[in-house]
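This report introduces a structure to a reader who has not met it before. Please keep the sequence and the model at hand while reading.

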Amino acid sequence: MVKVKICGITNWADAKVALDAGADALGFNFYPPSPRFIAPAEALRIVRRMPKRTSAVGVFVDEPVDRVLSIARVANLDMVQLHGKESPRTVRALASHFLVIKAFQVRNDFRPARLARFDAAAAYLLDGFRPRLRGGTGRTFNWSVARRAKRYGAIILAGGITPENVARAIAEVAPFAVDVSSGVEARPGKKDPARIRALMRAVEFAERRVA
């Protein structure tokens with residue numbers, strides 16, 4: 001079963017739509033320049049209302065370990081997602097406290113073997129590349145890279161995933177999970193309920209075809 005993470009959650013209304021539609025995880029962006037930024041205290045108000053079956057994931061970009069841990073505890077997170085140039089040492093340090101997702105932007109010269117250095121991570125998120133953006137790029141990449149990367153661990157496929165292409169993405173890659181943000185938005189930071197529901201229907205359709 002492919003897991004679904006809806007990222008860039010900024011309010012309870014959007015969170016509830018995603019949860020009711022069957023999302024397995026919600027992502028909260030703690031990177032201040034992002035239009036999807038949420039304060040830790042606001043994220044906690046949402047996390048407290050989430051069912052136990054779902055995971056709360058915090059997105060961070062090149063923050064010191066102590067700050068990541070502090071925010072993760074305040075917001076009562078289950079996982080931390082590192083979307084910057086964090087080192088394997090940083091991943092190891094955080095992995096002793098939380099499950100860690102290490103994100104990578106996939107450029108034309110990306111080599112999946114790079115993931116092996118980050119073996120303390122619980123999963124690897126592969127995202128499209130767009131200058132000056134950390135997540136929410138809305139850009140796909142060559143999914144054959146993701147297929148090759150699966151030999152190194154659990155792969156979360158991101159970057160331009162939408163209700164229109166998620167079934168094809170699952171068929172081609174069979175990732176551990178898909179991560180969607182801009183693909184289900186009305187505008188940055190505000191989700192479109194109809195697109196969230198359409199995405200989840202498309203994921204269910206893809207899984208029935210695989211079965």
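At what angle do α3 and α4 pack, and how far apart are their axes? The two helices pack at an angle of about 35°, and their axes lie 10 Å apart. Axes here are lines fitted to C-alpha atoms, for helices over the stretch in contact, and angles run from 0 to 180 degrees between N-to-C directions. Helices (H or I, at least four residues) and strands (E, at least two) are DSSP runs, numbered from the N terminus.

The model is a predicted one, in which local features need pLDDT of at least 70 and side-chain atom pairs count only at pLDDT 80 or more, while totals for chains, interfaces and linings use all residues. Residues are numbered from 1 along each chain as its sequence is written, and side-chain values use heavy atoms, with hydrogens and water left out.

**Two helix pairs**

The crossing of α3 and α4 is right-handed; a crossing is left-handed if the near helix is turned anticlockwise from the far one by less than a right angle, and right-handed if clockwise. Contact (heavy atoms within 4.5 Å) is made by V65, V68 and L69 of α3 with T90, A93 and L94 of α4. These residues divide into five nonpolar, one polar and no charged. In this division, Ala, Val, Leu, Ile, Met, Phe, Trp, Tyr, Cys and Pro count as nonpolar, Asp, Glu, Lys and Arg as charged, and the others, Gly among them, as polar.

Helix α6 (residues 166-173) and α7 form another packed pair, at an angle of about 35° and with axes 8 Å apart. The crossing of α6 and α7 is right-handed. V166, A167 and I170 of α6 meet L199, A202, V203, F205 and A206 of α7, and the residues of this contact are eight nonpolar, no polar and no charged.

**Buried faces of α3 and α4**

Buried means under 20% relative accessible area, exposed over 50%, and partly exposed in between (1.4 Å probe, protein chains only). In helix α3 (residues 65-74), the buried residues are V68, L69, I71 and A72. They lie on the same side of α3 because they cover an arc of only 170° around the axis, the arc being that of the directions from the helix axis to the C-beta atoms. Their cover includes α2 (40-47), β3 (55-60), β4 (79-82) and α4 (88-95).

In α4, P88, T90, V91 and L94 are buried. These four span an arc of only 160° around the axis, so they sit on the same side of α4. The elements that cover them include α3, β4 and β5 (99-106).

R73 also belongs to helix α3. Leaving out residues up to four places away in sequence, R73 touches H97 and F98. R73 and P40 are 33 residues apart in sequence, yet 9.2 Å apart in space, C-alpha to C-alpha.

**The nonpolar cores**

A nonpolar core is a set of buried Ala, Val, Leu, Ile, Met, Phe, Trp, Tyr and Cys residues joined through side-chain atoms within 4.5 Å. The largest one holds 61 residues, of which I6, L26, F28, F30, L126 and L157 touch the most other members. Helix α7 (residues 193-210) gives the most to this core, with six residues. A second, separate core has nine residues, including A103, A123, L125 and I156. In soluble globular proteins, nonpolar side chains tend to be buried together.

Beyond four places in sequence, the residues that I6 touches include A18, L26, V180, V184 and L199.

**Residues in loops**

The table lists four loop residues with their relative accessibility.

| Residue | Loop | Relative accessibility |
|---|---|---|
| N76 | between α3 and β4 | 45%, partly exposed |
| A174 | between α6 and β8 (177-180) | 43%, partly exposed |
| H83 | between β4 and α4 | 5%, buried |
| T162 | between β7 (155-157) and α6 | 18%, buried |

N76, which follows α3, has a positive phi near 60° and is a residue other than glycine. A174 likewise is not a glycine and has a positive phi of about 50°.

H83 and E63 are separated by 20 residues in sequence and by 9.8 Å in space, C-alpha to C-alpha. For T162 and D179 the values are 17 residues and 9.7 Å, again C-alpha to C-alpha. Apart from neighbours within four places in sequence, T162 is in contact with G183, R195 and L199.
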